[in-house]
Amino acid sequence: ELEIDPCRRLADLGNKADSERWGVEPFEELTRDIHNYEKRKGDLPVQKEGEAFDFRGLLHRDGTVYNAVTPEELTKQPELTYHKLGCKLAVGMPFKDVATTDAIYMRTIPPSSSTEGRRAIKRLQDVAIHVIAPAAELHKDPLPGAVTMHTLRECLAAQANGGLTLPQGSTRLAVQVDGSESIEEVAALKQLSADVVLLNVREGTQRFHASRRVFETLQREGINTPVVHHISFPEGTPRDELVIYTGSIIGGLLVDGLGDGVLIDAPHEDLEFVSSTSFGLLQGSRMRLTKTDYVSCPSCGRTLFDLQEVTDQIRQRTGHLPGVAIAVMGCIVNGPGEMADADFGYVGGAPGKIDLYVGKEVIKRGIPHETACDQLVQLIKDYGRWVEPPAEEERGAEGNKELVGST
């Protein structure tokens, strides 16, 4: 019954695309291999001589996450924003962690007269969390070290008129593509020294096929510029809809090796939720592993325990183990086959009894259900895959105690 609503939402998404006639011009896919999966490997930034900031962190080799941030979030409670971006904090200073945003996207930037805003940005830049902002904003009030964003057509127009000039203090370029460009225009990316492409398909266009068309052109032309999917949601979009749409469309592209990362742009949503969703999307697409990976059967009449409740209990105890895969299976009929890629398995063996696996091998059989979660944790420790959860630090924020980081 829990699957009915998301399935209905997925069907509604398809019906909407059909009724509104979303689509793109016909194109032929010549480079797609439906038999083999290979993660796209865009060219990562190389540090240039004389640059004040380290731009090698602008993209991540396993998958990139960008987050949209407002000037208010940086000026009012910068430490809380650092935490929501996934930073560790030490004496109020941000540091990158395993699941920290790689860069922030800002439609508007704090003016140079805003000491607090510019200081907050500088602290992020110092740990290689960079700022991507529209060229018009940066020409109006330059921000040293910012990554300048131009649309592809703006870049090509500038090239035709003597060349593209970046704002003062900017040495890096991000190019926005909206999916409506001609094949020749997309191919012209080869002429630009862009560090990243933001693929933000315009409203009313079928994102899935428009994106495939862009990637087909990049592949044919041998263009290895990293591509981050930029998807925007209007005010009031429910969380379920945000997750389902992003997972089905962007996830469907990433699992096909089409893309190097994601930027979910939802100004009305909590920044921490958006960041967590982004990293979850990359992990689900088998790209960047930043937390424990769980595999679970859909449950059926053979299930020997409350699958949702037990999975939640295991998640609470083991959710801080990046790179570890744990399978939770309701019975032994299909369980061992479905969990073949998991590191550890928790499988219903008989009523009230649990079998624990390491890989495909049963290590403990017939454990009482009441102690099985504890014994799973001990098994993970015995095989050297356990780390202690990070200690949480509470700090005051405007008179209220809020969790803003971990050390």
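In the predicted model, Val358 is part of strand β14, which spans residues 353–358. With a relative accessibility of 19%, Val358 falls under the 20% limit and is therefore classed as buried. Beyond its neighbours up to four places away in sequence, Val358 is in contact with Asp343, Phe344, Ile363, Leu379 and Tyr383. For one of these partners, Asp343, the C-alpha atom lies 5.8 Å from that of Val358, although 15 residues separate the two in sequence.

Helix α9, comprising residues 239–254, takes part in a contact with helix α1, which comprises residues 4–19; the two axes come within 10 Å and cross at roughly 65°. The sense of this crossing of α1 and α9 is right-handed. On the α1 side, the contact is formed by Asp5, Pro6, Arg9, Leu10 and Leu13, and these residues meet Asp240, Glu241, Ile244, Tyr245, Ser248 and Ile249 of α9. By residue class, the contact of α1 with α9 consists of six nonpolar, one polar and four charged residues.

Helix α9 also packs against helix α10, which covers residues 271–284, at an angle of about 30° and with the axes 10 Å apart. The crossing of α9 and α10 is, again, right-handed. Here α9 contributes Arg239, Leu242, Val243, Thr246, Gly247, Ile250, Gly251 and Leu254, while the residues that they meet in α10 are Phe273, Thr277, Leu281 and Leu282. The contact of α9 with α10 divides into seven nonpolar, four polar and one charged residue.

Two residues were noted for their backbone geometry. Most residues other than glycine have a negative phi. Val91, which is not a glycine, nevertheless has a positive phi of about 55°. This valine is located in the loop that joins β2 (residues 88–90) to β3 (residues 93–95). Its relative accessible area of 78% is over the 50% limit, so Val91 is counted as exposed. Arg286 likewise has a positive phi, near 60°, and is a residue other than glycine. The loop in which Arg286 is found runs between α10 and β11, the latter being formed by residues 293–296. Because its relative accessibility is 49%, Arg286 is assigned to the partly exposed class.

With regard to the cysteines, the number of disulfides in the model is zero, the criterion being a pair of cysteine sulfur atoms within 2.5 Å. For Cys373, the closest cysteine sulfur is that of Cys297, at a distance of 16 Å, which is too far for a bond. Cys373 is nonetheless buried, with a relative accessibility of 12%. Cys331 is also classed as buried, its relative accessibility being 10%.

Concerning the confidence of the prediction, pLDDT averages 89 over the chain, and 94% of the residues score at least 70. Over residues 393–407, by contrast, pLDDT stays under 50. For this segment the model nevertheless has 36 contacts beyond four places in sequence.

Key:
Residues numbered from 1 in each chain as written. Predicted model: local features only at pLDDT ≥ 70, side-chain atom pairs only at ≥ 80, totals over all residues. Heavy atoms only, no water. Axes fitted to C-alpha atoms, helices over the stretch in contact; angles between N-to-C directions. Helix = DSSP H or I, 4+ residues; strand = E, 2+ residues; numbered from the N terminus. Left-handed = near helix turned anticlockwise from the far one by under 90°. Contact = heavy atoms within 4.5 Å. Nonpolar A, V, L, I, M, F, W, Y, C, P; charged D, E, K, R; others polar. Buried < 20%, exposed > 50% of the residue type's maximum accessible area, 1.4 Å probe, protein only. pLDDT = per-residue confidence, 0-100.
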